[in-house]
Amino acid sequence: MISTRVAAHGPRVSKQASAQLIETLNGLSTSGAGLRPTFVAVHHIQLSAAPQRPFSNTSKSSRIDEFFPQNETDRVRKTPPAWAHPIYSYDDMESVVVAHREAKTRSDKLALVAVKALRWGLDLATGYKHDKAVALNEKDPEAARKKYAMTEEKYMIRNVFLESVAGVPGMVAGMLRHLHSMRRMKRDNGWIESLLEESYNERMHLLTFLKMSEPGWFMRFLVLGAQGVWCNALFFAYLISPRTVHRFVGYLEEEAVLTYTRQLKDLDAGRLPKWEKLQAPQIAIDYWKMPENSRSMRDLILYIRADESKHREVNHTFANLDQVEDPNPYVSEYKDNERPHPRKDLKFQRPTGWERSDII
Ligand SMILES: [Fe+2]
Ligand SMILES: [Fe+2]
C-alpha cells in the first residue's frame, strides 16, 4: 500500500479515505479506479489549490516535510551528493529512444527470459496493462479509461517499487568486485566506481519519488520481501556469471526506459492531469541541477529516463567486455579523445551498448 499525495495539506488521511482503505483491505471496495485490493490500496489526498511547488522541501507547510525531512544540525549547512550528476542537455534527453538488444548467446537469452518473467509479475501486481489499454482505447476510449487507465497514483506506486529494487544490482556487483579485488590482490580497472554510482543514482530516483508519495505498510512489506530475495539472488548470480547479470540489468533498464517513455506519452496526451502542473522537488533540482523553467514533472521524468538509458548502455557494454581484464570504458581516458567513446553523459548514446571491438 502506498498513499500517493498530490499536495498534502490538512489531515493526514480523511475519514472518507480511511473508510475506503478499510473497505479495500477487506476486498469490498467498489471503486473501479483502485488497484487490485490484495496488493495495494491507494487513497487520494485532496488536491491543493496552492499553485506553488507543492512537493518541494522548501515549503514548511507541506506534510511531505514531516515524512521525509532533511536533518539539520547546528553546524552542517548542506550535504551534497557524493557523485555529482553529469549535465544533460534537453535535446539529448529528448533523443533517448526505446531500444532492444538482440539476445545472441545462451547467457543473453537466459537474462532476457528472467527480465520478461519479472516484468510479467510486476505488471500483474501493479495492474499495468498498457498494450490492452491502447487496443481498447482505439475501440472505446471511455471503457479503456475505466478499465486500464494508469493514473498518477498507479504510476507512482510502480515507480517507487521499481526504484527501490533498482538500486540493488549495482551495489551487489560493486561489493563483489571490491571483495574480489582485495581477495585476489588485483586491480579492478575502475568498474566498482560506476557500479556504485549507478546504485546511488537509482537511490536518488527513489528519494525523489518519496518526496511525492508516502509508502504505506504494504508497499514497505513488498520492498522488504523483494529486497531480501532480490539481493541474495543477485549475489549468487553475480558470483556464477557476472556477464549474465550485466546483460540482465541491461534488459531490465530497457524496460525502465519503456515505462518512463509511456509516462511521458501519457503526460503529453493529457492523461495525467495531476502531473501537468507538478514541479520537481528540491532534492531533484539540486541533484540534476535542473535549470530554472525546466523543473516540471515532465522534465523530471526526462532526467530519470535518461539515467535509465545510461544504465541500459553501461550494463550492455559491461556484458560485452572481458569481466576480469578490461578497463571500465566509462571512467577511462582515451588516446584519441575525438573518436566517439563511452561517456557518463549523453553525448555519444549507444542504447544497445558498445561492442568490445569499438572501445578496447
Ligand atoms: Fe531508476
Ligand atoms: Fe536504472
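These questions and answers walk through a predicted model of one protein.

Reader: How many helices and strands does the protein have?
Author: Start with the overall make-up. The protein has 360 residues, and 37% of them count as buried. Its secondary structure comes to 2 strands and 15 helices.

Reader: What share of the contacts with a separation of 6 or more joins residues 24 or more positions apart?
Author: Take the contacts in the protein with a separation of 6 or more. Then pick out those between residues 24 or more positions apart. Their share is 77%.

Reader: Where does UniProt place the feature "transmembrane region", and how far apart are the end C-alpha atoms of residues 217-240?
Author: The unreviewed UniProt entry gives residues 155-176 and 217-240. Over residues 155-176 the chain is 95% helix and 0% strand, with end C-alpha atoms 33 Å apart. Residues 217-240 are 100% helix and 0% strand. Their end C-alpha atoms are apart by 35 Å.

Reader: Are helix 8 and helix 10 parallel, perpendicular or oblique to each other?
Author: Helix 8 covers residues 168-184 and helix 10 covers residues 217-240. Their axes come within 9 Å and cross at roughly 40 degrees. That angle makes the relation of helix 8 to helix 10 oblique.

Reader: Is the crossing of helix 8 and helix 10 left-handed or right-handed?
Author: Look at the two helices where they cross. For helix 8 and helix 10, the crossing is right-handed.

Reader: Which residues of helix 10 does helix 8 meet, and how many residues in the contact are nonpolar?
Author: Helix 8 brings Val168, Pro169, Val172, Ala173 and Leu176. Helix 10 brings Gln227, Trp230, Cys231, Leu234, Phe235, Tyr238 and Leu239. By class, the contact has no charged residues and 1 polar residue, and the nonpolar count is 11.

Reader: Glu163, Glu202, His205 and Glu308 are listed for "binding site". Why do they gather at one spot?
Author: The listing comes from an unreviewed UniProt entry. In sequence the four span 146 residues. In space they gather at one spot, because no two of their C-alpha atoms are more than 10.5 Å apart.

Reader: Is Glu202 buried or exposed, and which residues does Glu202 contact?
Author: Glu202 is found in helix 9, which covers residues 191-210. It has 25 C-beta neighbours inside 10 Å, so Glu202 counts as buried. Leave aside neighbours within four places in sequence, and the contacts of Glu202 are Glu163, Ala166, Gly167 and Gly170.

Reader: Which residues does His205 touch?
Author: His205 is also placed in helix 9. It is buried, with 25 other C-beta atoms within 10 Å. Not counting residues up to four places away in sequence, His205 touches Glu163, Ile304 and Asp307.

Reader: Glu202, Glu253, Glu308 and His311 are also listed for "binding site". What is the largest C-alpha distance among them?
Author: This set too comes from an unreviewed UniProt entry. The four are spread over 110 residues of sequence, yet they cluster in space. The largest C-alpha distance is 11.2 Å.

Reader: Where does Glu308 lie, and which residues does Glu308 contact?
Author: Glu308 lies in helix 14, residues 297-320. It has 27 other C-beta atoms within 10 Å, so Glu308 is buried. Leaving aside neighbours within four places in sequence, its contacts are Glu253, Ala256, Val257 and Tyr260.

Reader: What is the phi of Met185, and is Met185 buried or exposed?
Author: Met185 lies in the loop between helix 8 and helix 9. Its phi is positive, about 55 degrees, although Met185 is not a glycine. With 6 C-beta neighbours inside 10 Å, Met185 counts as exposed.

Reader: Where does Asn293 lie, and is Asn293 buried or exposed?
Author: Asn293 is in the loop between helix 13 (282-288) and helix 14. Its phi is near 70 degrees, a positive value in a residue other than glycine. There are 7 C-beta neighbours inside 10 Å, so Asn293 counts as exposed.

Technical notes. Residues numbered from 1 in each chain as written. Chains lettered and ligands numbered in written order. Predicted model: local features only at pLDDT ≥ 70, side-chain atom pairs only at ≥ 80, totals over all residues. UniProt positions renumbered as here; feature names shortened; annotations may be inferred. Helix = DSSP H or I, 4+ residues; strand = E, 2+ residues; numbered from the N terminus. Buried ≥ 20, exposed ≤ 12 C-beta atoms within 10 Å, placed from the backbone. Contact = placed C-beta atoms within 7 Å. Axes fitted to C-alpha atoms, helices over the stretch in contact; angles between N-to-C directions. Parallel < 35°, antiparallel > 145°, perpendicular 65-115°, else oblique. Left-handed = near helix turned anticlockwise from the far one by under 90°. Nonpolar A, V, L, I, M, F, W, Y, C, P; charged D, E, K, R; others polar.
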